[in-house]
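Subject: A structure for you to look at

Hi,

Here is the structure I promised to pass on. Please open it beside this email, and then read on for what turned up in it.

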Amino acid sequence: MIVTSVGRILTMARGKVQMRRIENTASRQVTFSKRRSGLLKKAYELSVLCDAEVGVIIFSQKGRLYEFSSSSEIQNTIDRYRRSSNDADTYKANMEQYLLHLKQETTDMERKIELLEVSLRKLSGQCLGSCSTDEIQMIGDQLERSLGGIRARKAQLFNDKIQQLQEKERSLKEENAKLLAKCYANPWQSTAYPRVAAIDSQSSRSEDVETGLSIGLPESLIRHHPAQV
């Protein structure tokens with residue numbers, strides 16, 4: 001029974017305190033003194049345990065000042081707070097200015113993209129109904145310049161391809177000449193490549209033969225049958 005009574009008393013003592021102004025002046029003064037001392041003690045413990053710079057300023061209801069500072073003077077802590085606050089304000093102002101700049105750049109970029117899209121449609125032959133004669137002429141000149149550049153690039157690519165093929169042909173001819181020279185220099189290898197020698201001799205003979213084309217009856221037929229002719 002005693003334990004039960006003590007438990008009930010502790011439960012009642014640890015009830016939640018309503019956060020509102022204490023109407024009784026004496027109770028309010030006692031509470032202020034106790035909690036002020038507890039707050040200053042906690043500030044001191046925080047500064048020692050965590051190596052933090054802590055400053056506490058308290059004014060009582062009657063205007064009396066109570067303060068605590070982990071540094072030599074409370075004014076040093078106040079100055080540091082002001083510098084930090086000014087830096088934060090400066091950073092915020094710079095960030096707002098930077099965001100405005102980015103927004104302006106985005107608007108300009110959207111406008112440029114829209115103009116480029118309109119120009120592209122006109123170059124494709126679309127949306128020409130509202131164009132004047134000068135605009136049509138300017139678009140035509142631009143297309144002619146573009147075609148000229150494309151044709152020049154096309155010709156350059158063809159020339160490069162032709163040069164590559166010519167170089168490849170020259171390399172193959174040199175390789176063929178080296179192989180033939182090697183075959184002629186080593187007779188025992190010539191039997192191994194009879195077709196190469198035969199083809200080479202045949203091609204050389206074919207280059208010396210002259211071909212002719214005649215229209216009419218053969219001369220032998222004219223000599224044997226002149227009357228029929």
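Let us start at Arg121. Setting aside the neighbours within four places in sequence, Arg121 is in contact with Gln126 and Cys127. You will find Arg121 in helix α3, and it counts as partly exposed because its relative accessibility is 32%, which falls between the 20% and 50% cut-offs. Please keep in mind throughout that this is a predicted model.

**The whole chain**

Now zoom out. The chain has seven helices and two strands. If you read along the sequence, they come in the order α-α-β-β-α-α-α-α-α. How much of the chain is buried? Of its 229 residues, 8% are buried. The chain exposes about 20800 Å², and carbon and sulfur atoms supply 57% of that area. You can also look at the contacts between residues with a separation of 6 or more: residues 24 or more positions apart account for 15% of them.

**Around helix α2**

Helix α2 covers residues 25–50, and Tyr44 is one of its residues. The structure holds two aromatic pairs. In one of them, the rings of Tyr44 and Phe68 have their centres 6.4 Å apart and their planes at 85°, so this pair is edge-to-face. The pair links distant parts of the chain, since Phe68 sits in strand β2 (residues 65–69), 24 residues away from Tyr44. Are the two partners buried or exposed? Tyr44 is partly exposed, at a relative accessible area of 47%, while Phe68 is buried, at 18%. A general point may help here: a pair of aromatic rings is described by the distance of the centres and the angle of the planes.

Phe68 comes up again when you look at Ser47, which also lies in helix α2. Which residues does Ser47 touch, leaving aside its neighbours within four places in sequence? Its contacts are Ala52, Val54, Phe68 and Ser70. Ser47 counts as buried because its relative accessibility is 10%, and the cut-off for buried is under 20%.

There is also a charge over a ring to look for: Arg36 lies over the face of Tyr66, at 4.1 Å from the ring centre.

**The loop after helix α2**

Next, find Asp51 in the loop between α2 and β1 (55–59). Its phi is near 55°, which is a positive value in a residue other than glycine. Most residues other than glycine have a negative phi. Asp51 counts as exposed, with a relative accessibility of 71%.

**Salt bridges**

How many salt bridges does the structure hold? There are five, and here are three to look up:

- Glu53 and Arg80: their closest N and O atoms are 2.3 Å apart. This pair links distant parts of the chain, with Glu53 in the loop between α2 and β1 and Arg80 in helix α3, 27 residues apart. Glu53 counts as partly exposed at 36% relative accessibility, and Arg80 is partly exposed at 47%.
- Asp108 and Arg111: here the closest N and O atoms are 3.1 Å apart. Both residues lie in helix α3, three residues apart, about one turn of the helix. Asp108 is partly exposed, with a relative accessible area of 27%, and Arg111 is partly exposed too, with 44%.
- Glu23 and Arg21: their side chains meet at 3.5 Å, N to O. Glu23 is exposed, with a relative accessible area of 61%, whereas Arg21 is partly exposed, with 48%.

**A nonpolar patch**

Last, please look at the surface. Which residues form a nonpolar patch there? They are Tyr91, Met95, Tyr98, Leu99 and Leu102, and together they have about 500 Å² of accessible area. Take Tyr98 as an example: it lies in helix α3, which covers residues 74–123. Tyr98 is partly exposed because its relative accessible area is 47%, and that value lies between the 20% and 50% cut-offs.

If you would like a route through the model, begin with Tyr44 and Phe68, the edge-to-face pair. From there, go to Ser47, which is in contact with Phe68, and on to the salt bridge of Glu53 with Arg80. You can finish in helix α3 at Tyr98.

Enjoy exploring, and send me any questions you have.

Best wishes

Technical notes: Residues numbered from 1 in each chain as written. Predicted model: local features only at pLDDT ≥ 70, side-chain atom pairs only at ≥ 80, totals over all residues. Heavy atoms only, no water. Patch = residues over 30% accessible without salt bridge, like charges linked within 9 Å, V, L, I, M, F, W, Y side chains within 5 Å. Areas by Shrake-Rupley, 256 points an atom, 1.4 Å probe, with all protein chains shown as cover. Salt bridge = Lys/Arg side-chain N within 4 Å of Asp/Glu carboxyl O. Helix = DSSP H or I, 4+ residues; strand = E, 2+ residues; numbered from the N terminus. Buried < 20%, exposed > 50% of the residue type's maximum accessible area, 1.4 Å probe, protein only. Contact = heavy atoms within 4.5 Å. Phe/Tyr/Trp six-rings, centres within 6.5 Å; stacked < 30°, edge-to-face > 60°. Lys NZ or Arg CZ within 6 Å of the ring centre and 35° of its normal.
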